[in-house]
Amino acid sequence: MPRSSIFPLLAVTAGFASMLSVAQASDDNSAVPGVEKSTFGQLPDGRTVDVYRLTNASGITMRVINYGGIIVSLKAPDAQGNFEDIVLGFDSLEGYLSDAYRKANPYFGALIGRYGNRIAGGEFSLNGTTYQLATNDGSNHLHGGDQGFDEVLWNAKPFENQNGVGVILSYTSPDGEEGYPGKLKTEVTYTLTDSDELDIAYRATTTKPTPVNLTQHSYFNLDGEGSGSILDHYLMINAEAFTPVDDTLIPTGEIRPVDGTPFDFNEPTPIGERIEQDNQQLLRGKGYDHNFVLKREAPQSEELVLAARVWEPDSGRLLEVETTEPGLQFYSGNFLDGSLSGKQGSAYEHRSGFALETQHFPDSPNQETFPSTILNPGETYQSHTVYRFSTRDGL
């Protein structure tokens with residue numbers, strides 16, 4: 001699929017650096033719009049990890065660290081105007097570096113690359129050469145390998161403009177890192193807009209042909225992180241088909257209609273309504289962990305289309321996702337098991353958060369019928385996703 005269209009990155013306002021604060025950002029929601037920078041911790045090798053607190057005109061705040069590009073918190077109002085944190089994560093760097101976290105590796109809030117999702121056998125062939133990647137998910141390669149983009153220290157540049165506030169994260173992955181060919185220069189822009197959107201723009205260039213599939217892996221609970229199950233959230237996914245998987249969660253190559261299956265979310269449906277059905281695909285994923293083929297009038301159109309809408313009835317919070325990507329991975333937090341505790345000290349139990357990862361399809365380098373993920377020298381990979389926050393009385 002061509003990757004050459006332009007999504008202009010938001011311009012950095014001159015003189016904005018003078019607005020940055022080196023003090024630890026407060027946790028209330030009375031701060032004026034802007035960015036506050038502080039230290040989040042140190043990596044074992046002594047490098048400093050910074051946190052950027054973004055506040056928009058509505059008082060929505062998001063905290064991002066330059067380690068892994070991780071969104072550690074996102075506080076948004078409910079229907080009564082009460083702000084709560086709606087993403088899973090930790091208040092300290094130690095939480096993301098702990099042995100328990102690394103063993104479970106749920107990728108809370110992280111940027112994912114070079115390749116989001118799975119590649120069968122950790123192997124692909126390109127232009128006559130076979131490349132072997134790490135097999136860090138059973139026999140398969142997952143989310144970039146042993147040290148994907150979720151575990152690197154990104155360069156960060158905060159900004160403010162007429163649309164809102166944000167941070168530009170950049171990282172250069174050297175040729176051969178995690179087995180991938182080519183030096184990949186990557187830039188990801190997070191913008192918290194004054195329209196109450198998290199706007200994410202991805203951009204990358206390479207020195208050799210290579211697969212690229214970047215995404216964001218935040219787990220949401222619209223009733224507040226640590227509040228319990230997400231099974232009562234109403235979900236709509238704008239898809240008439242999904243890609244079924246084998247018993248290692250690799251797509252079989254089939255594009256299967258959702259009609260008449262538990263994967264039909266064209267009408268808003270509680271996540272938990274059919275999740276325990278005796279369905280082979282649900283059994284293989286231990287719930288929902290599948291790629292949905294999004295509806296597009298033109299399959300290669302790079303305009304934003306509605307991908308999903310989620311509503312939580314107690315809080316009234318509504319999350320809408322739009323993307324230029326052809327696919328959406330819906331993951332219902334099936335492997336959360338209570339072994340990790342979050343920012344309020346509450347254990348993250350089974351299905352206490354969900355992820356909506358905009359993406360190209362899993363295992364595309366080995367699936368000729370799937371949209372291509374190959375980026376060539378001289379081309380620019382660009383992808384654009386918007387998460388929009390609001391409240392509503394019902395759907």
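Q: How many cavities of 30 Å³ or more does the structure hold?
A: The model is predicted. Rolling a probe the size of a water molecule over the atoms shows where empty space is left. Counting cavities of 30 Å³ or more gives four.

Q: What is the volume of the largest cavity, and how do its lining residues divide?
A: The lining includes Y67, I70, R102, D150 and E151. It divides into six nonpolar, one polar and three charged residues. The volume of the largest cavity is about 70 Å³.

Q: Where does UniProt place the feature "active site"?
A: The record is an unreviewed entry. Its two positions span 141 residues in sequence, yet their C-alpha atoms are no more than 6.1 Å apart, so they gather at one spot. Both help line the largest pocket. The positions are H217 and E357.

Q: Is H217 buried or exposed?
A: H217 lies in strand β16, residues 215–217. Among its contacts are Y107, F108, H143 and E357. Buried means under 20% relative accessible area. The value for H217 is 4%, so H217 is buried.

Q: Which strand holds E357?
A: E357 is buried, with a relative accessible area of 3%. E357 touches residues including H143, H217, G327 and Y331. Its strand covers residues 355–359 and is β25.

Q: Which residues touch the most other members of the largest nonpolar core?
A: In soluble globular proteins, nonpolar side chains tend to be buried together. The largest nonpolar core here has 58 residues, and those touching the most other members are Y190, I237 and F330.

Q: How many residues make up the other core, apart from the largest?
A: Its members include L43, Y107, A110 and A355. Of these, Y107, A110 and A355 also touch H217. The core has 25 residues.

How values were computed
Residues numbered from 1 in each chain as written. Predicted model: local features only at pLDDT ≥ 70, side-chain atom pairs only at ≥ 80, totals over all residues. Heavy atoms only, no water. Core = buried A, V, L, I, M, F, W, Y, C linked by side-chain atoms within 4.5 Å. Buried < 20%, exposed > 50% of the residue type's maximum accessible area, 1.4 Å probe, protein only. 1 Å grid on protein atoms, 1.4 Å probe; cavity = no way out; pocket = protein on both sides within 12 Å on 5 of 7 lines; lining within 4 Å. Points joined across faces, edges and corners; volume = space filled by probe spheres on them. Nonpolar A, V, L, I, M, F, W, Y, C, P; charged D, E, K, R; others polar. UniProt positions renumbered as here; feature names shortened; annotations may be inferred. Helix = DSSP H or I, 4+ residues; strand = E, 2+ residues; numbered from the N terminus. Contact = heavy atoms within 4.5 Å. Lists of a residue's contacts leave out its neighbours within four places in sequence.
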